[in-house]
Amino acid sequence: MLKFVQGLLLQLITITYASNLEDLQTAIDIAKRLEGGLSLITQHQNTYLLEKKVIQLLEQILAMQE
């Protein structure tokens, strides 16, 4: 089970390991749920960064038009 946990993404290792693992299947289930949550966070961050970049580009266009 320790080898499985060590092979996870760094963002998942600590929480998975600290989740009072009963067996390998429990570790796998926890890691899958955490990975899903991490994916949602990453998508949200990417959307935020794109929106920020669009605003910056619009500000540059407006500055060039003045």
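Which helix has 42 residues, and how far does that helix reach from its first C-alpha to its last?

1. The model is predicted. Helix H3, residues 24-65, is the one with 42 residues. From first C-alpha to last, H3 reaches 61 Å, close to the 62 Å expected at 1.5 Å a residue.

2. The secondary structure consists of three helices and zero strands. Along the sequence the order is α-α-α. The radius of gyration is 20 Å, well over the 11 Å given by the globule rule for 66 residues, so the chain is more spread out than a compact globule. The box filled by the C-alpha atoms, taken along the principal axes, is roughly 65 × 15 × 15 Å.

3. Burial can be stated for the whole chain: 14% of the 66 residues count as buried. The chain exposes about 5,600 Å², and 61% of that area is supplied by carbon and sulfur atoms. Taking contacts between residues at least 6 apart in sequence, 19% join residues at least 24 apart.

4. Which residues of H3 are buried? They are Thr26, Ala27, Ile30 and Ala31. The cover over the buried residues of H3 includes helix H1 (2-6) and helix H2 (10-17). As background on spacing, an α-helix has 3.6 residues a turn, so residues three or four places apart point the same way.

5. Threonine 16 belongs to helix H2. Is threonine 16 buried or exposed? Its relative accessible area is 0%, and the cut-off for buried is under 20%, so threonine 16 counts as buried. Neighbours within four places in sequence aside, the contacts of threonine 16 are Val5, Leu8, Leu21, Ala27, Ile30, Ala31 and Leu34. Among them, Ala27, Ile30 and Ala31 are also buried residues of H3.

6. Alanine 27 sits in helix H3 and is likewise buried, at a relative accessible area of 0%. Which residues does alanine 27 touch, not counting those up to four places away in sequence? They are Met1, Phe4, Thr16 and Leu21. Thr16 and alanine 27 thus appear in each other's contact lists. Both Thr16 and alanine 27 also touch Leu21.

7. Arginine 33 is in helix H3 too. Is arginine 33 buried or exposed? The relative accessibility of arginine 33 is 58%, and exposed means over 50%, so arginine 33 counts as exposed. Between arginine 33 and leucine 12, which are 21 residues apart along the chain, the C-alpha separation is 9.9 Å.

8. Two further C-alpha pairs involve residues of H3. Isoleucine 61, placed in helix H3, lies 53 Å in space from threonine 26, with their positions 35 residues apart in sequence. Alanine 27 and glutamate 66 are 39 residues apart along the chain and 59 Å apart between C-alpha atoms. The accessibility of isoleucine 61 is 44%, which counts as partly exposed.

9. On charge, the chain has 5 positive and 7 negative side chains. How far apart do the centres of the two sets lie? The separation is 7 Å.

Methods
Residues numbered from 1 in each chain as written. Predicted model: local features only at pLDDT ≥ 70, side-chain atom pairs only at ≥ 80, totals over all residues. Heavy atoms only, no water. Helix = DSSP H or I, 4+ residues; strand = E, 2+ residues; numbered from the N terminus. Rg over C-alpha atoms; globule rule 2.2 N^0.38 Å. Buried < 20%, exposed > 50% of the residue type's maximum accessible area, 1.4 Å probe, protein only. Contact = heavy atoms within 4.5 Å. Areas by Shrake-Rupley, 256 points an atom, 1.4 Å probe, with all protein chains shown as cover. Lys, Arg positive; Asp, Glu negative; His and termini not counted. Charge placed at Lys NZ, Arg CZ, Asp CG, Glu CD. Expected span 1.5 Å × (residues − 1).
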